[in-house]
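Look at the sequence and the structure shown here, and keep both in view while reading. The text below goes through the packing, then the strands, then the charged pairs.

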Amino acid sequence: MAALIDTVAWVHLSEGRLLGARTRGREVFYIPGGKRNPGESDLEALLREVREELTVALVPETVEHLGTYTAQAHGQPEGTRVRMACYTADYRGELAASSEIEEIAWLGLADRHRTAPVDHLVFDELAAAGRLR
């Protein structure tokens, strides 16, 4: 049976661009988020990961599920899949790269190739809905 990496991600759009984060030592950008700890709900994992990576606090009552996407996991053996539950939410604080994050950037559709395969699905859906340019 193939391995499955179960993750959550924060889809944050501004002026037709999507916030991306690049981990130290990696070339591709990811939609901010990460793996849940044992026993954590999606909401708990999302709040923790975004706080750790971007130094902001998501507003829990504004969190909305956008969609769940599955694809080959970037940088993992063939057959290793990642499932990413994506959420939108308002936040408080100043966005800044923190912890293992080396760089954050606002990505447009032209930057799709600079992201992980599972992120391509989100880019495509947002572009089809006219939310990403």
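C86 touches A9, V11, E64, H65, L66, G67, Y69 and V122, leaving aside residues up to four places away in sequence. The model is a predicted one. C86 also belongs to the largest nonpolar core, which has 18 residues. Along with V11, L18, I31, M84 and V122, C86 is among the residues with the most contacts inside that core. At least two residues of this core come from each of β6 (64-72), β7 (81-88), β9 and α2 (117-128). The helix α2 gives the most, with four residues. There is also a second, separate core of 14 residues, and W10, L46, L47 and A89 are included in it.

Next come the strands. In general, the strands of a sheet pair through backbone hydrogen bonds, either parallel or antiparallel. Here, three strands form an open sheet in the order β2-β3-β9, with antiparallel pairing. β2 (13-14) and β9 (101-107) are the edge strands, since each pairs on one side only. Between β2 and β3 (residues 17-23) there are two bridges, again in the antiparallel sense. In this pairing, L13 of the sequence stands opposite L18 in β3. L18 has already appeared above, as one of the residues with the most contacts in the largest core.

The charged side chains remain. How many salt bridges are there? The count comes to ten. One of them joins D6 and R36, whose closest N and O atoms are 2.4 Å apart. D6 lies in strand β1 (residues 4-10) and R36 in the loop between β4 (33-35) and α1 (42-54), so this salt bridge ties together parts that are 30 residues apart in sequence. D6 is partly exposed, at 27% relative accessibility, and R36 is partly exposed as well, at 21%.

A salt bridge also links R22 and E103, at 3.0 Å from N to O. Because R22 lies in strand β3 and E103 in strand β9, the pair ties together parts that are 81 residues apart in sequence. R22 is buried, with a relative accessible area of 15%, whereas E103 is partly exposed, at 30%.

The salt bridge between E52 and R48, at 3.5 Å from N to O, lies within one helix. These two residues are four residues apart in helix α1, so about one helical turn separates them. E52 counts as partly exposed at 34% relative accessibility, and R48 counts as buried at 12%. Finally, salt bridges that share partners join D6, R36, D42 and R83 into one network.

How values were computed: Residues numbered from 1 in each chain as written. Predicted model: local features only at pLDDT ≥ 70, side-chain atom pairs only at ≥ 80, totals over all residues. Heavy atoms only, no water. Pairing = 2+ DSSP bridges. Core = buried A, V, L, I, M, F, W, Y, C linked by side-chain atoms within 4.5 Å. Buried < 20%, exposed > 50% of the residue type's maximum accessible area, 1.4 Å probe, protein only. Contact = heavy atoms within 4.5 Å. Salt bridge = Lys/Arg side-chain N within 4 Å of Asp/Glu carboxyl O.
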